[in-house]
Amino acid sequence: MADKRIYAFGAGKADGNATMKELLGGKGANLAEMAGLGLPVPPGFTITTTTCKAFHDAGQVMPDGLMDEVRAAVGGVEKQLGREFGKGLLFSVRSGAASSMPGMMDTVLNLGLNDEVVKLLDNPRFAWDSYRRFIAMYADVVDGVDRKLFENELSAAKQRTRVLKDSDVPAEELRNVVGLYKKVYKEATGEDFPQDPWQQLDRSVFAVFRSWNNNRAVEYRRIHRIRGLIGTAVNVQAMVYGNLNDNSATGVGFTRDPATGENEFFCDVLFNAQGEDVVAGIRNPDDFEQFGQRMPEVARQLLDVRDTLEKHYRDMQDIEFTVEDGKLYILQTRNGKRTAKAALRIALSLVSEGLLTEQQALLKIEASSLNQLLHPTFDPDAEVHVIARGIPASPGAAKGKAVFSPEAAETLSRDGQNVILIREETSPEDIKGMAAAQGILTARGGRTSHAAVVARQMGKTCVAGCSVLDIDERRRRMTVDGHVIKEGDVISLNGTSGEVMLGDVPTVPAELSGDFATVMEWADRHRKLGVRANADTPGDARKAREFGAEGIGLCRTEHMFFEEDRINKMREAILARTDDEKQRSLAKLLPMQRADFLGLFKVMNGLPVTIRLLDPPLHEFLPRDPDVQRAIAKDTGVPLLNIQEAVDAMHEVNPMLGLRGCRLAVVAPQIYDMQVRAIIEAIYDAQHIDIPVDAEIMIPLVGTLYELTAIRKRIVEQVDTFNQDSSGKVQVRIGTMIEVPRAALTADRIAEQADFFSFGTNDLTQMTLGVSRDDAEQSFLRQYVDLGIYPIDPFATIDVKGVGKLVQMGVNLGRATKPDLKCGICGEHGGDPESIDFCHKIGLDYVSCSPYRVPIARLAAAQAAIRAGLAKV
């Protein structure tokens with residue numbers, strides 16, 4: 001079986017099943033599964049993903065003997081159907097990787113048509129319509145001919161015959177269109193359109209294998225962090241025809257609403273059409289109610305299929321189907337893409353219906369998708385100017401500058417501007433622009449079009465099928481309701497109502513549903529990791545608590561000094577020429593710092609608060625701009641010459657590896673002394689108003705035991721002196737941030753003087769990889785990820801084999817010295833689900849992340865614990 005390259009399906013039986021996605025791809029595995037369930041699946045066969053890998057490993061060369069096996073598999077389908085390939089039996093050739101990648105790889109339909117076969121088909125209009133579709137798709141996929149060249153010919157044919165719909169073009173005109181299409185093909189390729197069906201099949205399989213590494217597929221895998229797959233399978237399946245006649249149709253259905261999660265069949269149907277028309281959004285579809293009115297018996301059968309598949313897969317399904325002259329066929333099923341709101345509703349519903357357990361339901365929710373629920377919505381009381389309404393395809397509130405090409409979306413987004421991508425309809429080539437945009441607006445397509453499906457998966461707002469829009473992509477403008485919207489004009493999209501509005505509509509904070517609270521309750525019940533927040537102000541702390549944070553894992557005190565009423569006082573302390581001057585300046589900051597910390601203690605009310613003492617180099621407080629220097633001199637009274645000399649004296653070639661963090665405390669301890677005094681007094685003040693405090697002081701950038709020992713000794717002396725002088729009972733734990741590789745390597749020694757470790761993985765990643773994050777993001781980092789040198793951005797997801805090994809070593813060495821040593825992580829990785837899974841595996845006590853990622857971390861921590869439990873079974 002290991003060498004088997006082709007797996008057949010159909011006629012109530014199959015060689016494979018749904019568990020074989022890695023080998024057969026999601027589409028092939030599910031076709032086999034549905035065939036085994038006895039559903040009406042047209043027969044065919046799947047060429048394995050391992051064959052695709054062999055194709056690419058050989059430099060895009062078809063494996064020896066493969067097409068002989070394909071011929072034998074075609075013979076099996078011919079036997080089942082009693083029809084012969086090349087004499088009326090046509091095939092679809094479609095991709096299908098183990099992870100769903102809608103529209104990113106290639107498909108060829110109606111394969112096997114030629115000048116002779118087209119005459120064998122009974123319905124002339126259907127025959128010529130299918131042939132012109134095949135030529136255009138084959139030319140695009142196999143030979144790279146621009147599809148618009150064919151669309152232009154079809155548009156001209158509709159004008160000649162004075163019809164609006166493709167389906168109304170008469171047979172004779174379609175025959176003429178086929179001739180024009182073949183002429184376009186020859187002009188573009190220099191060859192006649194191939195007439196040999198076996199050559200068509202050979203080249204189409206080759207093209208689908210090749211599409212595994214096309215630009216849009218590679219970009220899609222990068223955006224969605226799809227890694228570890230070896231290639232795409234190829235599914236060769238007997239064609240059924242939704243464009244055969246007016247008693248035929250094609251459609252896409254979701255077993256539940258993918259936008260809201262409500263338990264209602266969500267379906268788009270086109271009559272007398274093929275499946276590509278629905279997905280591409282080439283014309284606006286009918287809904288299930290209209291389908292049921294025209295084909296009531298088929299609609300009832302489709303509802304039965306819906307129930308069968310959802311109960312079998314125990315998840316919301318995305319179904320593709322075709323009706324050929326009144327007979328229903330199922331062409332695909334997969335777990336449906338959904339919004340975060342829908343994911344929560346579906347998870348809760350499937351548990352209440354007894355299809356899933358709590359743990360299984362939690363694993364069905366993509367943790368990162370919760371980000372969609374935590375951001376503002378449009379203010380319902382705001383005055384708005386609605387200029388159009390389309391189909392609400394993906395919910396949300398998006399606003400930004402109108403752009404009419406994916407390239408413009410990318411360019412403006414890189415400059416930090418919000419954009420709305422406006423297209424007639426989107427295609428897989430638009431993937432980068434869609435990822436860059438805040439929202440997507442299309443004139444054509446429905447709730448299951450490419451724009452809608454991809455937008456929902458990305459968490460982007462989308463309004464589709466807004467047919468009143470007159471879009472001129474060449475001139476970069478659209479006209480609607482008497483308004484001309486040019487590129488750069490600001491518009492707003494309401495993906496919940498489908499409204500398109502002029503201008504920048506005000507927003508209000510999101511309101512979280514009861515479903516969200518229930519899922520968070522389940523997550524907290526199953527997770528082992530604690531979840532804290534990175535918060536520097538009482539406002540941040542309150543938001544963190546609203547989202548369920550169990551403490552502050554990182555308070556960055558330097559952020560407190562950059563406020564307008566403090567920055568010059570900090571500068572005075574830095575510029576002071578004598579100790580007395582420095583102490584007087586710091587004394588002005590002391591009450592401000594004390595109030596900062598007291599505010600955090602009040603909000604956290606006994607939850608742990610980890611305060612990192614000053615970390616950045618002092619030069620960050622002193623600008624090099626001469627105009628700003630003169631303003632500082634005027635505001636502080638410090639001579640301009642003194643400022644200029646201080647700036648020059650503090651200049652470092654590589655300041656992030658220079659005089660900062662604990663090194664500053666060793667060389668010039670006065671700032672740390674002031675901060676520690678402020679923490680002590682804030683604890684004391686809180687105790688006297690009955691506010692419980694659990695405070696931790698964290699020393700940054702420790703690389704040697706001596707640094708931590710010296711600074712800890714000074715802090716302990718301050719606490720003891722304060723308690724003696726005031727009869728106080730101030731207690732504080734003292735720990736360190738492990739962000740220097742040497743600290744991780746010598747963590748057993750560092751632990752002797754540490755009450756806790758917090759791994760600062762941002763700097764630890766920079767120092768371990770020898771990469772400056774700020775510089776790399778502007779130069780080579782993206783290219784390194786695209787080339788696979790880094791499998792993923794190491795600043796977004798922890799580098800397990802490098803940085804992760806240091807973290808694990810630090811934990812193990814530290815706990816070898818102190819078995820109960822508390823260990824956490826406070827870099828940006830603390831809010832990344834993949835990194836959280838790693839943190840669970842190595843036994844960290846908590847993760848800390850930004851307030852808005854706390855719910856994501858809670859769910860991801862639960863999923864990590866559930867997966868770990870399943871792995872032990």
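In this predicted model, helix α1 (residues 21-36) and helix α12 (residues 296-313) cross at roughly 115°, with their axes coming within 12 Å. That makes the pair roughly perpendicular to each other, since angles of 65 to 115 degrees fall into that class. The handedness is easy to state too: α1 passes α12 in a right-handed crossing. On the α1 side, the contact is made by Asn-30, Glu-33 and Met-34, while α12 brings in Leu-309, His-312 and Tyr-313. Sorted by character, the residues of this contact come out as three nonpolar, two polar and one charged.

Turning to the strands, eight of them make up an open sheet with mixed pairing, laid out in the order β13-β23-β22-β15-β16-β17-β18-β14. At the edges sit β13 (386-389) and β14 (391-394), each of which pairs on one side only. From one strand to the next, the twist averages 30°. Within the sheet, β17 (residues 439-442) and β18 (residues 461-464) run parallel and are joined by three bridges. Here Gly-439 stands opposite Thr-461 of β18. A helix packs here as well: α15 (residues 406-414) lies across β15 (397-403) and β16 (419-423), and runs at about 175° to β16.

Further along the chain, Thr-761 belongs to helix α30 (residues 761-769). Its relative accessible area is 0%, so Thr-761 counts as buried, the cut-off being under 20%. Setting aside neighbours within four places in sequence, Thr-761 is in contact with Ile-798, Val-807, Ile-825, Gly-827 and His-829.

Key
Residues numbered from 1 in each chain as written. Predicted model: local features only at pLDDT ≥ 70, side-chain atom pairs only at ≥ 80, totals over all residues. Heavy atoms only, no water. Pairing = 2+ DSSP bridges. Helix = DSSP H or I, 4+ residues; strand = E, 2+ residues; numbered from the N terminus. Axes fitted to C-alpha atoms, helices over the stretch in contact; angles between N-to-C directions. Contact = heavy atoms within 4.5 Å. Buried < 20%, exposed > 50% of the residue type's maximum accessible area, 1.4 Å probe, protein only. Parallel < 35°, antiparallel > 145°, perpendicular 65-115°, else oblique. Left-handed = near helix turned anticlockwise from the far one by under 90°. Nonpolar A, V, L, I, M, F, W, Y, C, P; charged D, E, K, R; others polar.
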